[in-house]
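Here is a short note for a colleague who is new to this structure. Please read the points with the model open.

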Amino acid sequence: MKNSASFLILFLSIYAYSQSNPSGFEKYPVFPECSESSIGDLESCFNTTLQQFVFANFKTPEVVTAESYSGSVSVFFEINKEGAFKVLYVDATYNELKEEAKRVFELLPKIEPATYNGNPSYAQFTMPIAILLGGPLVVATSETATETTKLSEAKKIDSLSLEYDAIEKFPYANEEYKSNINIPLSHHNYSKFDPALNRVGTNSHTAQKPYIYSEVNRYYNFEEENKPLLANKTSWLGRKLLNEHFITLKGKDYWLTLDPGVDLQVGKDFDADISTYNNTRLVTTQGGIGDNISFFAVIFESQGRFADYFNRYAESIRPDGGNPAIIPGRGIAKAFRTDSYDYPIATGHISYSPSKTFNVQLGHGKNFLGDGYRSLLLSDNASSYPYIKINTTFWKLKYTNTWMSLRDVRSEVTLDDSFRTKYMANHYLSYNITKRLNIGLFESVLWQNDNDRGFDLNYVNPIIFYRAIEFSTGSRGGNALIGLSGKYKFSDRVNAYGQFIIDEFSTSDVFGGNGSYKNKTGYQLGVKYYDAFKVKGLYLQAEYNRVRPYTYSHNTVVLNYGHNNQSMAHTLGANFSEFIAIGRYDYGRYFADAKFIIAKRGFDFNTDKDDFFYGGNVYGSEDNRVSDLGNELAQGNTTNFFHMELQGGYLINPATNLKIYGSLIFRDFKPLENTETVFENQTTWVNFGIRTDLFNWYNDF
């Protein structure tokens, strides 16, 4: 061994690499030499003291000198709750350098450990040690300018050789909570911060979903709320499984997380004697670049077989081209084995906020408008789709413009073996009139890709109701819907909400009271009760939805309010009334949900004697309507529908939203008349699973 005098050993900045707590420790470890330093100076003193100690004790191995090596050693170490140093990993070219680094760190004394929440906590760091060959630098004299230049160039080359090792890393500290990333749509998860957003006096806008983390974090501090949920785990595996993202990376102007995930279900449909399962593996990543750009992406690879009613519906909306089904809310499925489906999916978005006023998103996913469990304006019921969205927030207003590319995959509209493309532009203006009252104005315009015009730039106009007024004058270039929503906060714990949709602009038909098929309207009324009966974490919700026949359908059938053979609004389509009661409860990591739905629905008979369209399926043709007048709610094959869904489980990891759960679904379906596609049946479906909760499964149709 030779002393380090033959080398220049440069110690770069020391920085935290990861911690057991996602928010980082609150106080740096303290060397005795730093005991008199203020909290603000502890980090600098810690770095300086450790650098000096290592520099004084590090000896360069002979093999490094003999081979004229210049490079670096990276030491990943931990200071435990007792203040002892422990080397976890050393990255170096020579084993001798690794052993020397370990020897030096074993000489370090115990120090005062880092603290978190006032208690001793472990802390992890990475220390890069850059080793330069050359010995002490010689100051150039005035002998020749050339020698000075050569020395300068040599120093520059040595400096560049350290460029990779000088890349800074910082502790990941839940940057997602301050980012512009969308919070994944999940009714249960959204119910956790819904009370904070709906306190009397807040200027929040709760109808436009998915929410952005940064806007919710103003009212609901994710870090503080998650602290009580964190498990006291010090091992790497324990922390990654129960508390943290699997991989985190943070530099000066960027951050990134990467997580594997699953949606594994096993169950039984007892009435149909079907063993059910879902086998989803997924990878999700999210991150930020600079202060304004964020991104999120997830890839799903899935196979499954479901309860009989679910499978029958998935196959009834199959696309043209031979694929056997469309999994509701997910996407087109191909056959897997003899009785299952294979349905891969990829979703994601890029979010850019040039200022606090504007947010622009480009993505492939879903959107939702409203404060209810259902939406009559735009819901996450259908499959994902490409979209561009602009949110503009200022004063008491939030204005959302969304442009979407949708598909009609039915055989009758397929052209040259290609699915028919249509486009939709949505405008939603939310206005907080008072600290309790909010109203929203909605417009949706659909147009098809006729005459190969593609995406018509005329529809980029963001002015609400501009195109709707045009179509009300008789233009057949598209289909327009308008709507109204509202919310009133009675208190911090109780609020009421509602929606009203109009799909036809004939006031005489809407208000004439003669049952015109052009009376294409629907409404929603609901109420939410937070911390119900003073039980913390208990969330209750009641909702009534009513949509008249033929709403969302159109005389130009491609211009219906649908995508991938699914409704873009309510899951049940149209021609129904529905009452929903929901209860949710959270206690630490434990959770429970209960949902009850009672509905009256109207289906087509689809027989040789009666093949009329009664107005329930949004893909039906109005040219085949049963009557111009006298149309009533739930007309046709009137069906009484009951759905009960109970679920309970445990949140394994708050960072990734990984849950283990069990569920029971009971479904009773009683039509007026049994037909080939609509017939009396009951379902008792029991499921057990583990899933990364990133989207809503809708089993209630």
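1. A term comes before anything else. Strands are DSSP runs marked E, at least two residues long, and numbered from the N terminus. Valine 360 sits in one of them, strand E19.

2. Keep in mind that this is a predicted model. The protein chain has a mean pLDDT of 88. Of its residues, 89% reach 70 or more. Residues 1–23 have pLDDT below 50, yet this stretch has 109 contacts in the model beyond near neighbours in sequence. Residues 134–145 are also below 50. That stretch has 11 contacts beyond near neighbours in sequence.

3. Back to valine 360. Which surface patch includes Val360? The patch is nonpolar, and Val360 shares it with Ile289, Ile293, Ile350, Tyr352, Leu362 and Ile388. Together these residues have about 600 Å² of accessible area. Strand E18 (345–352) and strand E19 (358–365) are the elements that give two or more residues to the patch.

4. Charge gathers on the surface as well. Glu67, Glu96, Glu99 and Glu106 form a patch of negative charge there. One of them, glutamate 99, lies in helix H3, which covers residues 95–106.

5. Next, the salt bridges. How many does the structure hold? The count is 27. One salt bridge joins the side chains of lysine 595 and glutamate 645, at 3.5 Å from N to O. The pair links distant parts of the chain, 50 residues apart. Lysine 595 is in strand E32 (residues 590–603), and glutamate 645 is in strand E33 (residues 637–653). Side chains of opposite charge can pair when their charged atoms come close.

Key: Residues numbered from 1 in each chain as written. Predicted model: local features only at pLDDT ≥ 70, side-chain atom pairs only at ≥ 80, totals over all residues. Heavy atoms only, no water. Patch = residues over 30% accessible without salt bridge, like charges linked within 9 Å, V, L, I, M, F, W, Y side chains within 5 Å. Areas by Shrake-Rupley, 256 points an atom, 1.4 Å probe, with all protein chains shown as cover. Salt bridge = Lys/Arg side-chain N within 4 Å of Asp/Glu carboxyl O. Lys, Arg positive; Asp, Glu negative; His and termini not counted. Charge placed at Lys NZ, Arg CZ, Asp CG, Glu CD. Helix = DSSP H or I, 4+ residues; strand = E, 2+ residues; numbered from the N terminus. pLDDT = per-residue confidence, 0-100. Contact = heavy atoms within 4.5 Å.
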